[in-house]
Amino acid sequence: KSGKGGDIFCLLEADTCGHFEKKAKTRSVHNTTSPTWDEVLEVELTSANMLCLSIVEKGLLNAHLLAKINIKLNEDSFLDGEIHTIEREMSPQGEILFRIQYLSPFAVTERWKKMKANSTTSVFGIDFDTVASRETDLIPEIVKLCCTEIEERGMEEAGIYRISGLASDIRKLREAFDQGDATVVEHLIHECDVNAIAGCLKLFFREMPEPLFPRDLYQPLNEGVAIQTPEAQLSRMTSLLYSLPDANLATAIYLIKHLKRTATYYEVTKMPASNLATIFGPNILKPEVCTEEDSMIGALDVESQKNILLFFLNVNSDLLDISLDLDMPLPTSLRAGILGCPSSPLVARKAIWRKK
């Protein structure tokens, strides 16, 4: 019960990054004691154990809590992939009816494989080499457009990359990018909530059949970041970075620079480099996966994914100030040598790069 005539919305929070953080919210409904939203909110709950669902009323001057419930996410009944219809009493008043479905990273990937749009224009769920080969730049347009818009509108947005945008907005963006409709993309990229744009970017990387950092790099990177000697660690990790295929490398550097810039606004966004690495790491770093069971194990490896990305977010920016010489791609044999040799020198890749 509210009776104050304010806007009422449903807020989802999860215990991510050590404390409860806003993940998503519904649109507001006005002046009702029985609000109905009928919306789908798709959120990442990496490393979260508890989901808090709150009903909030926002008045002219402030907002106040009407009711809330906590939902344990580690309950076996929620992990079967089925849609569960749940009706629960809220505290201190009211009841809520909602549906919840858990999708493992493996299941999400398989779902998008079945939902691919026209393969001549789609970018989601498509091999990264295929996407890059269609464009004049090594960095896909979707990455540049999303990062640019986020830097223009999201640097004062608390919880950027952590709070999920509306699933309906993310779906519209995905469809526009997949259809290659530049006019619709340009309209949506400026009109959609910035959290939806951040969600679209994460979705693009998450749905790649092979992650931005190829799976065969995951274990070497995991071992490299654990090296205790700073000089040896830097040499090994940067050598592995430079061993990425050309388009992956250019995009990885672009993304790392973007996240480094985003982290500088942490006092406003509450998203320092460590939080950004926790949220973004699982989208671009994944271990070898053959089955859904393997995917479940990989989903628990959040700390390793965080540490790898955090290393690159903290590395000296000068090491990222490079541009690819398209006439001198990295030979496959050289990449194999870097992966197979723990002490591989940094010059292996730098020899075919030049300063801007």
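Asp-178 and Arg-174 sit 4 residues apart in helix H4 (residues 167-179), a spacing of about one turn of the helix. In this predicted model, their side chains meet in a salt bridge, with an N to O distance of 3.2 Å. Both partners are buried: Asp-178 is, and so is Arg-174.

This pair belongs to a wider set of charged contacts, as a search of the whole structure finds 6 salt bridges. Side chains of opposite charge can pair when their charged atoms come close.

Helix H3 offers a second example. Here the side chains of Arg-153 and Glu-149 form a salt bridge at 2.7 Å, N to O. About one helical turn separates Arg-153 from Glu-149, because they are 4 residues apart in helix H3 (residues 141-153). What, then, is the relative accessibility of Glu-149? Glu-149 has a value of 6% and therefore counts as buried, which lies under the 20% cut-off. Arg-153, by contrast, counts as partly exposed because its relative accessibility is 32%.

A further salt bridge joins the side chains of Glu-210 and Arg-215, with 3.7 Å from N to O. The two partners fall into separate accessibility classes. Glu-210 has 33% relative accessibility and so counts as partly exposed, while Arg-215, at 15%, counts as buried.

Finally, salt bridges also link residues into a network, whose members are Asp-137, Glu-141 and Lys-144.

Key:
Residues numbered from 1 in each chain as written. Predicted model: local features only at pLDDT ≥ 70, side-chain atom pairs only at ≥ 80, totals over all residues. Heavy atoms only, no water. Salt bridge = Lys/Arg side-chain N within 4 Å of Asp/Glu carboxyl O. Helix = DSSP H or I, 4+ residues; strand = E, 2+ residues; numbered from the N terminus. Buried < 20%, exposed > 50% of the residue type's maximum accessible area, 1.4 Å probe, protein only.
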